[in-house]
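Please open the model in your viewer and keep the sequence panel beside it. The stops below follow one another as selections, each with a short account of what is to be found there.

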Amino acid sequence: MENDRQESIDKLKELLEDIDFAMLTTVAGEKLHSRPMSTQQVEFDGDLWFFTSDRTHKVDEIQADNRVNVAYSQPDDNTYVSVFGRAEMVKDRAKIEELWNPIYKAWFPDGLDDPSLCLLKVAVEEAEYWDSSNSKIVQLVGFVKALATGQRADGGDHGKISL
């Protein structure tokens with residue numbers, strides 16, 4: 001069982017490795033609310049990390065309903081990943097310092113001294129991915145072939161991961 005979990009973590013790590021930005025979706029009452037977020041580059045162990053302020057709507061939304069979706073897209077590599085998990089706010093000073101980069105002062109001018117600075121931790125439960133290593137030309141040829149033969153085009157690798 002632990003082997004399966006590690007294989008799932010490794011696969012998801014490989015898929016997300018070069019994708020910085022994602023769309024984080026929270027439940028806001030009866031609606032869904034999405035916003036762009038930058039994933040912190042750490043050794044992926046089943047958790048995703050994001051810097052945020054504890055004075056945002058997403059914090060209120062997560063406190064009311066901690067289910068979130070994080071959608072990643074890397075069109076140049078034909079990689080798309082949808083991650084479902086449970087989110088929580090983390091005020092652990094050591095973890096904040098570990099992940100901090102001075103460039104974040106653009107969003108948090110007081111840096112590590114910003115009292116609203118916190119982390120959003122998403123404990124990943126499931127992910128679904130679409131990954132095609134074929135070039136655009138190979139995909140186009142496959143699409144035209146599918147149209148000509150009436151067969152479904154090969155969209156590449158698609159799978160589901162549970163952690």
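A salt bridge is taken here as a side-chain nitrogen of Lys or Arg lying within 4 Å of a carboxyl oxygen of Asp or Glu. With that cut-off in hand, select E61 and R35 in this predicted model: the two form a salt bridge in which the closest N and O atoms are 2.9 Å apart. The partners come from distant parts of the chain, E61 from helix α2 (residues 57–64) and R35 from strand β2, with their positions 26 residues apart in sequence. Because buried means under 20% relative accessible area, E61 at 12% falls in that class, and R35 is likewise buried, with a relative accessible area of 10%.

**The whole chain**

Now colour by secondary structure, which comes to four helices and seven strands, and follow the elements from the N terminus in the order α-β-β-β-α-β-β-α-β-α-β. The chain has 163 residues, of which 37% count as buried.

**Further salt bridges**

A search of the whole structure finds eight salt bridges, and two others are worth selecting here. Select K13 and E43, whose closest N and O atoms are 2.6 Å apart. K13 lies in helix α1 and E43 in the loop between β2 (31–38) and β3, so this salt bridge ties together parts that are 30 residues apart in sequence. K13 counts as partly exposed at 28% relative accessibility, whereas E43 is exposed at 57%.

Move next to helix α3 and select R93 and E97, whose side chains meet in a salt bridge with an N to O distance of 2.9 Å. These two residues are separated by about one helical turn, because they stand four residues apart in the helix. E97 is partly exposed at 43% relative accessibility, and R93 is also partly exposed, with a value of 40%.

**The aromatic cluster**

Which residues join F51 in one aromatic cluster? Select W100 and Y104 together with F51, since these three form the cluster. The search of the whole structure finds three aromatic pairs. In one of them, F51 and W100 meet edge-to-face, with 5.6 Å from centre to centre and 85° between the planes. F51 sits in strand β3 (residues 47–53) and W100 in the loop between α3 (93–99) and β6 (117–131), so that positions 49 residues apart are linked. Both F51 and W100 are buried.

Keep F51 selected and turn to Y104: the ring centres are 5.0 Å apart and the planes stand at 45°, so this pair is tilted. Here too distant parts of the chain are linked, as Y104 belongs to the loop between α3 and β6 and is 53 residues from F51. The relative accessible area of F51 is 9% and that of Y104 is 15%, so Y104 is buried.

**A charged patch and a backbone angle**

For a view of the surface, select D4, E7, D10, E14, E17, D18, D76 and D77, which gather in a patch of negative charge. One of them, D18, lies in the loop between α1 (2–16) and β1 (21–28) and is exposed, with a relative accessible area of 61%.

Finish at N78, in the loop between β4 (67–74) and β5 (79–90). Most residues other than glycine have a negative phi. The phi of N78, however, is positive, near 55°, and the residue counts as buried at 9% relative accessibility.

Technical notes. Residues are numbered from 1 along each chain as its sequence is written. This is a predicted model: local features need pLDDT of at least 70, side-chain atom pairs count only at pLDDT 80 or more; totals for chains, interfaces and linings use all residues. Side-chain values use heavy atoms; hydrogens and water are left out. Rings of Phe, Tyr and Trp (its six-membered ring) pair if their centres lie within 6.5 Å; planes under 30 degrees apart count as stacked, over 60 as edge-to-face and the rest as tilted. Buried means under 20% relative accessible area, exposed over 50%, partly exposed in between (1.4 Å probe, protein chains only). Patches are made of residues with over 30% relative accessible area and no salt bridge: like charges are joined within 9 Å, nonpolar side chains (Val, Leu, Ile, Met, Phe, Trp, Tyr) within 5 Å. Accessible areas come from the Shrake-Rupley method with a 1.4 Å probe; for residues, only the protein chains shown count as cover. Lys and Arg count as positive and Asp and Glu as negative; His and the chain ends are not counted. The place of a charge is taken as NZ of Lys, CZ of Arg, CG of Asp or CD of Glu.
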